[in-house]
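The following exercises are meant to be worked through with the sequence and the model side by side. Try each task before reading its solution.

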Amino acid sequence: MACGYDNCGIIAPEDLTGSKERLQERMGKVPSSAAIYGGMRIYEPVKDRFPWAKSIIVLTAEHGKYRYPPELRGRYAKAFFLSPEEGHTDSFDHVQFERWLTEHHIRWDGVDAVPLRYAAMKAGLGIIRRNNFFYTERGSFVSLTAYIVDCECTLYQQTNIRPCSEACTLCRKACKTGALCDAYTMDPSRCVSFWTTFGKGNIPGFLEESMFEEWICGCDNCQDACPYNRKHNWDEGDSFSNLEEIAAKLVPEKLLEQTDTFIEQQIIPKTADHLMPGDSAVLRHSAERAVRNRKIQLIEKNTPGQR
Ligand code: SF4
Ligand code: SF4
């Protein structure tokens, strides 16, 4: 907690045994996703990869503590822009926590070592909902971090969270591309978040440009539509980093006027490693599409039934 995290659970490596089965079930529903998920080492048994592992510490940091500027909503994913940039200590300070582990002679490994949502669920910190996101009692906008350590210890938390109603389809209806094709699965080849980041802003032929609305980096539609997130007010909370200072420059038209240096120094580091240095053209490409989509939406609004 002193390092800025909000909650913590500690599980045994064996607690992750069921994660691979769950992944296979997910890939069975969308076979094409095997190309992306199939080779992921994080689902292999922890002890095979880290023979010294004795426990896994799972940490949560709530994004909902912060305000999120209206200019960024519907355009930039909250989980990316409310995560601390490398070298910054907004929200949580992973470097301080890692130093603490080292100073206490605890062997650790952290980055991308385990399936985070499954580990957090096993630690009792929350549940995974039908839109695939992990939810604490405060919703899905939460950052997850995990460390494999060589100390034997456990800390299983308990939450009282209502599961999804079997009848609820709000998240699926909010997904314009049909990526959320079934509960507890997703087709990454249709996901706006994928195409605006790792997909480098391109749109495959089987998706329509209008489906991307004004999203420039990531997509929050399936989380924003969820009743377990909707009561959150993003106008409330603390300010985060310099988001409010630069927000006006990030609306699509203004982004197109910014220099590559500004984009590379001020925006790309906020994408939580989803875009890389040199990807300013990707953001510009998505911003141009957002401008076009907004114009079409305005025309449709002003001339209903004409198109
Ligand atoms: S992030 Fe967007 S495109 Fe991807 S599954 Fe959710 S709503 Fe669909
Ligand atoms: S929108 Fe409904 S089905 Fe989807 S995650 Fe939220 S409660 Fe579950």
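**Exercise 1.** How many residues of strand 2 (residues 55–62) are buried?

Solution. Bear in mind that this is a predicted model. A residue counts as buried if 20 or more other C-beta atoms lie within 10 Å of its own, and by that criterion 8 of the 8 residues of strand 2 are buried. As a next step, take the faces in turn: Ser55, Ile57, Leu59 and Ala61 are buried on one side, while Ile56, Val58, Thr60 and Glu62 are buried on the other. In a regular strand the side chains alternate between the two faces of the sheet.

**Exercise 2.** Find the strands that pair with strand 2, and give a residue pair for each.

Solution. Begin with strand 1 (residues 7–11), which runs antiparallel to strand 2 and is joined to it by 5 bridges; here Cys8 has Leu59 as its bridge partner. Then turn to strand 6 (residues 142–149), which pairs with strand 2 over 8 bridges, again in the antiparallel sense, and in which Tyr147 stands opposite Ile57.

**Exercise 3.** Describe the surroundings of ligand 1 and of ligand 2 by residue class and by helix.

Solution. For ligand 1, the shell has 9 nonpolar and 3 polar residues but no charged ones, and its members include Cys175, Cys191, Cys219 and Cys222. Helix 8 (192–195) and helix 9 (221–224) each supply at least two residues of that shell.

For ligand 2, the shell divides into 8 nonpolar, 1 polar and 2 charged residues; among the surrounding residues are Arg129, Arg130, Asn131 and Cys164. Helix 7 (170–174) and helix 10 (227–230) each contribute at least two residues to the shell around ligand 2.

Technical notes: Residues numbered from 1 in each chain as written. Chains lettered and ligands numbered in written order. Predicted model: local features only at pLDDT ≥ 70, side-chain atom pairs only at ≥ 80, totals over all residues. Near = placed C-beta within 6 Å. Helix = DSSP H or I, 4+ residues; strand = E, 2+ residues; numbered from the N terminus. Nonpolar A, V, L, I, M, F, W, Y, C, P; charged D, E, K, R; others polar. Buried ≥ 20, exposed ≤ 12 C-beta atoms within 10 Å, placed from the backbone. Pairing = 2+ DSSP bridges.
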